[in-house]
Amino acid sequence: MTPSAHPAVINRFFSGSAWIEGAALNQLDEMSRLPGVLEIAAFPDLHPGKYGATGVALLSSRLHPLLIGNDIGCGMSLFALDLPLRKLKIDKAAERLRRLEAQVIGDVSDLLAETGLPADLAPGALGTIGGGNHFCELQAVEDLAEGGRIAGLDDQQLYLLVHSGSRALGAAVFSEAVAAHPGLVAGLDPRSEAGGAWLASHDRCVAWASLNRRLIAARAAAALRADLSLVADIPHNLVRRSDRGFVHYKGAAAVRPGELAPIAGSRASLSHVVLATDGVGRSLGGISHGAGRKYDRATMHGRVGRNRSEREQLLRNAWGGVAICDDRALVVEEAASAYKDAGQVASDLENGGLIVGLASLRPLVTFKKAVDEAEVEQRRRKPDHRREGGRGHERY
C-alpha cells in the first residue's frame with residue numbers, strides 16, 4: 001500500500017470528557033492516509049478495532065471492505081409493543097423471552113423475495129441474534145422529552161431494541177473478499193468488476209440484516225404475545241453512495257436529517273432515542289450507535305465476574321431488570337463496566353448539533369444467549385454432583 005501523502009481531514013465530534021484511547025486515535029490517523037480517503041467524522045464512542053477505529057464515518061473515492069468487516073449491515077432497530085408497562089412482570093417476561101429463538105416464524109422465502117433477495121439466501125439463519133454484543137432487549141421509557149411525545153413515544157408503553165446483523169452471510173462475503181484480494185488494505189476501485197461484485201454482495205447483506213432484525217423482533221413479540229410496530233431501523237456497518245464518493249459507516253449509525261435513531265447503552269445502563277438534525281450533514285450523515293467499548297473483551301476477564309456470585313449479580317440491574325445469557329464468558333465480556341457512558345456520548349452529539357434527545361429507556365429484559373431447552377432439561381435430570389461439575393463447568 002502507498003499511503004496518501006496528504007491525510008484526509010478528520011472532524012472530531014467528541015468533547016474532552018469523552019473516553020478515547022490513544023490506540024483509537026492512532027488508528028484514526030492511519031485511516032486518514034488510506035488510498036482514496038477524503039474526510040473522516042469521529043464520534044464519542046470511538047474505540048480501537050481490528051482494521052481501524054470503530055465509531056467513524058469515512059468518505060472515500062474507493063471501497064474499503066476491511067473497514068466494514070464481516071458483519072455487513074449490522075444495526076439497531078427499535079420497535080414499539082402494544083403491551084402496557086403497568087401489566088409487565090419482569091420475571092414472567094424473562095421466562096417467555098428465554099424461548100425467543102424457538103418461536104416459529106414459518107417459511108421466510110416470501111419475506112426474502114419481498115425484500116428483493118433470493119429465496120434461498122440463508123433462510124435458516126433469519127431471526128437469530130448471534131454472539132458478541134448483539135441482543136434483543138425489552139425496554140421502558142425512563143425519561144421522555146416533549147419532542148419525544150411529539151414523535152409518538154409513550155412512557156406507558158414497552159419497546160424492543162434489537163441489535164444484530166448479517167450473521168454468517170456477511171462473514172462469507174468478507175472472507176471471500178480477503179481471499180480474493182491480498183492487497184485489500186488499499187481498497188477496491190468501485191468501477192472495477194471486483195468493486196462492483198463486492199458492493200452488490202454488500203447490498204444484499206444490508207437488506208438481509210434489516211430483515212433479520214425484524215424477524216428477531218417478531219419472535220420476541222410472539223413470545224410476549226404482543227403486536228409490534230417499527231419505530232426506527234438504523235444500520236451502522238455499511239457503505240452508502242454519495243455525490244462525493246462512498247461513505248463507510250464503521251460502527252457509526254447512518255442517519256438522515258429528521259430520522260429517529262437509538263443509541264444503545266448497556267444491559268445495566270440507559271439507552272437513548274434521538275432525532276438527527278440537519279447538522280449531520282457535517283458528520284457525513286453519521287452519529288454514534290451506542291456507548292462504545294471502554295475495555296476490550298480480554299481485559300474484562302479478571303475485572304469482573306471472578307466468581308459465580310459476581311456473575312449472577314451482573315445479570316441484574318438497578319431497575320430490577322434481568323439478562324438472559326447462558327455463556328459465562330459473554331456475561332463477563334459484556335458487563336456494563338465494559339462500556340462507556342451512553343449519556344455522555346449522547347450529550348457530546350447534542351452539543352455538537354448533530355442530534356436532539358427525545359427519550360431515555362431502561363433495560364428490563366436483555367436476551368443474549370439461552371441454552372437449548374432440551375439441554376436444560378437434561379442438566380436438571382443429572383445427579384447434583386454431576387450437574388454442578390466444579391468451578392470449570394459453571395454456567396455463569
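**Helix packing and hollow spaces in a predicted model**

Visitor: This is a predicted model, so let's start with helix α3 (residues 90-97) and helix α7 (residues 193-224): at what angle do they pack?

Guide: The axes of α3 and α7 lie 8 Å apart. The angle at which these two helices pack is about 125°.

Visitor: And is α3 parallel, perpendicular, oblique or antiparallel to α7?

Guide: Roughly perpendicular covers 65 to 115 degrees and roughly antiparallel is over 145. The α3/α7 angle of about 125° falls in neither range, which makes α3 oblique to α7.

Visitor: Which residues of α3 and α7 make the contact?

Guide: Picture α3 passing α7 in a right-handed crossing. By class, the contact has 5 nonpolar, no polar and 1 charged residues. From α7 come Ala220, Ala223 and Leu224, and from α3 come Ala93, Arg96 and Leu97.

Visitor: Now α6 and α7: are they roughly parallel or roughly antiparallel to each other?

Guide: Their axes are 9 Å apart and the packing angle is about 165°. Anything over 145 counts as roughly antiparallel. α6 and α7 are therefore roughly antiparallel.

Visitor: Is the crossing of α6 and α7 left-handed or right-handed?

Guide: For α3 and α7 the crossing is right-handed. For α6 and α7 it's left-handed.

Visitor: Which residues in α7 does α6 meet?

Guide: The residues of this contact divide into 6 nonpolar, 3 polar and 1 charged. On the α6 side you'll find Arg167, Leu169, Gly170, Val173 and Ala177. In α7 they meet Trp198, Ser201, Cys205, Trp208 and Asn212.

Visitor: On to the hollow spaces: how much space lies in the largest cavity?

Guide: The structure holds 1 cavity of 30 Å³ or more. Its lining has 5 nonpolar, 3 polar and 2 charged residues, with Arg267, Leu314, Asn317 and Thr366 among them. The space in the largest cavity is about 40 Å³.

Visitor: What about the largest pocket: which lining residues are the closest to its centre?

Guide: About 1,100 Å³ of space lies in that pocket, and 50 residues line it. The closest to its centre are His47, Thr54, Asn133, Arg293 and Arg297.

Visitor: How do the residues of that pocket's lining divide by class?

Guide: Several elements each supply at least two residues of the lining, including β2 (37-47), β5 (135-144), α6 (167-180) and β15 (355-369). Class by class, the lining of the largest pocket divides into 13 nonpolar, 23 polar and 14 charged.

Conventions:
Residues are numbered from 1 along each chain as its sequence is written. This is a predicted model: local features need pLDDT of at least 70, side-chain atom pairs count only at pLDDT 80 or more; totals for chains, interfaces and linings use all residues. Side-chain values use heavy atoms; hydrogens and water are left out. Axes are lines fitted to C-alpha atoms, for helices over the stretch in contact, and angles run from 0 to 180 degrees between N-to-C directions. Helices (H or I, at least four residues) and strands (E, at least two) are DSSP runs, numbered from the N terminus. Angles under 35 degrees count as roughly parallel, over 145 as roughly antiparallel, 65 to 115 as roughly perpendicular and the rest as oblique. A crossing is left-handed if the near helix is turned anticlockwise from the far one by less than a right angle, and right-handed if clockwise. Contact means heavy atoms within 4.5 Å. Ala, Val, Leu, Ile, Met, Phe, Trp, Tyr, Cys and Pro count as nonpolar, Asp, Glu, Lys and Arg as charged, and the others, Gly among them, as polar. On a 1 Å grid over the protein atoms alone, a cavity is a set of points where a 1.4 Å probe fits but cannot get out, and a pocket is an open set with protein on both sides within 12 Å along at least five of seven lines; lining residues have an atom within 4 Å of a point. Grid points are joined across faces, edges and corners, and a volume is the space filled by probe spheres set on the points.
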